[in-house]
Each structure stands twice: as C-alpha cells, then as structure tokens.
Amino acid sequence: MYQLLFYYYTIPSIIFLSIFYILTKINLKFRRFLLIGYVLMNGIYLYWRIAYSFPTITIFSSFSGGLLLFAEIMGFLQSLVLVILFWSPYRRKFRSLKRLKKLPTVDILIATYNENAEILNRTILGCQNIDYPKHLVSIYLCDDGNRNDIAMLAKEFDIGYINRDSSEHAKAGNLNHALTKTTGEIVVTQDADMVPKRNFLKRTLGYFYQEDVGFVQTPQFQL
C-alpha cells in the first residue's frame, strides 16, 4: 500500500509542483495552477491520514495520532490563508513625485547598536546614493552603543551622529530620541543592514500627496 502511495501520489505530486513552480517563476499566470495543485494534494493527503493511517491500536496511540493529525489540519488551514493571499497578485499603483505640491525634506535615521562599521558603510553609501535632491536629505547615524568608532564613521561620511546616555526602550527609544533632534518633513527609518535602492524615495514619497497618509511601509526589497 505504501509503495502504491509513493508511486501514484508522492512522485506525481513532486513532479507537478516542480513543473508549475518553474513555470510560475517564468510567468505568474501559472501561479493559480500551482496553488490549486497544492490544495488538492494536501486535501488528498489529509483524507488518507484520516481514513487509512489513523492509529487505533491503543488509547495512547490514538491520542498521539490525534494530536499529530490536529497539527497537520491546522497547518493546512493556515496554508489556505496564504493561498487566498497569493491567489491574485497585488499591484499598488505607482504615485509619482509630481503629485506633490513641493518636494519635502527627508531625514534618514539609521538605527544601530552593535553592528560593525563594515555593515554600516554599505547602508550609509546606499542612503547617500538615493536619487533625490541632496540639499533636501539629511542622514543620521543613531547610535545606541555610544561608540567612538561609529562617531568617527559618521564624521568620515559627513553625516549626522546622534547618541544618548541610555538605551531605554531599545530601537524604539533610539528612534524616538532621534526625532527630538531632527526636523525633516519626512522620516525614513533604516536598519543598520538595509541598503536602499537608488529609486527608493521616488517610489515611496508620491503616496504622501494624500493628506490622510502619514505612514508608508515597503517590503525589504523594492521592485
């Protein structure tokens, strides 16, 4: 029985999912076939688990098998949420900077605590390379570690350096403290190991043309 299951379910499932995974990478129109196949194959597996492989030899085996089956069903239901989310690709409309009445000043806050200078080098260079009028951008290293070498790094790159006497409330406290020292109309927060693409501000600031927008969040990559 298990040999038949391997040949008639496992191998075809792997082949189907592999083919449509590759096709989805080429063209997103194949994604729904991949998702449908994933749901059907998981449904078949759960039916087999319930109908043919649930242990009933002893009370302990039934209880243990029931817990495992419950975990598998919950995992399947959780995956259905992801299927719904990925069923249709979401494409947010691009908002050009031309929608803004005037270009705002931007403060870029790089929060750091114990990251080394090599990591911060890349982040600072990425921020300095952003395509936006230089006189409207201010970059600050917000150092919760009070390190002399990081202060010298900020001086080397000719950017702002902000520290504080304590590290209360960790990163949130670090950024809140920095906000009391800066005056930019728009604030960009950067982790120490995040390097923004050159078009980052051009792809995000346009959404602020709406007066009720006060916060814009992006994934950790910008297409």
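Is Phe16 buried, partly exposed or exposed? Let's work it out together, along with a few more exercises.

This is a predicted model, in which local features need pLDDT of at least 70, side-chain atom pairs count only at pLDDT 80 or more, and totals for chains, interfaces and linings use all residues. Residues are numbered from 1 along each chain as its sequence is written, and side-chain values use heavy atoms, leaving out hydrogens and water.

**Exercise 1. Classify Phe16 and Phe20, then describe their ring pair.**

Step 1: Recall the cut-offs: buried means under 20% relative accessible area, exposed over 50%, and partly exposed in between (1.4 Å probe, protein chains only).
Step 2: Phe16 has a relative accessible area of 26%, so Phe16 is partly exposed. Phe20 has 16%, so Phe20 is buried.
Step 3: Rings of Phe, Tyr and Trp (its six-membered ring) pair if their centres lie within 6.5 Å; planes under 30 degrees apart are stacked, over 60 edge-to-face, and the rest tilted. Searching the whole structure gives 5 aromatic pairs. In one of them, the ring centres of Phe16 and Phe20 are 4.6 Å apart and the planes stand at 40°, so this pair is tilted.
Step 4: Phe16 and Phe20 are 4 residues apart in helix 1, which means about one helical turn separates them. Helices here are DSSP runs (H or I, at least four residues; strands are E, at least two), numbered from the N terminus.
Step 5: Ring pairs join Phe16 and Phe20 with Phe30 and Phe33 in a cluster.

**Exercise 2. Describe the surroundings of Thr24.**

Step 1: Thr24 belongs to helix 1, residues 2-26.
Step 2: Its relative accessible area is 11%, so Thr24 is buried.
Step 3: Contact means heavy atoms within 4.5 Å. Leaving aside residues up to four places away in sequence, Thr24 touches Phe30, Arg31 and Leu34.

**Exercise 3. Check the span of helix 3, then find its buried residues.**

Step 1: The expected span is 1.5 Å times one less than the number of residues.
Step 2: Helix 3 (residues 59-87) has 29 residues, so it should span 42 Å; the end C-alpha atoms are 41 Å apart, which agrees.
Step 3: The buried residues in helix 3 are Ser61, Gly65, Leu69, Phe76, Ser79 and Val83. Helix 2 (31-52) is part of what covers them.

**Exercise 4. Find the charge that sits over the ring of Tyr209.**

Step 1: A charge sits over a ring if NZ of Lys or CZ of Arg is within 6 Å of the ring centre and within 35 degrees of the ring normal.
Step 2: The charged end of Arg99 sits over the Tyr209 ring, 4.7 Å from its centre.
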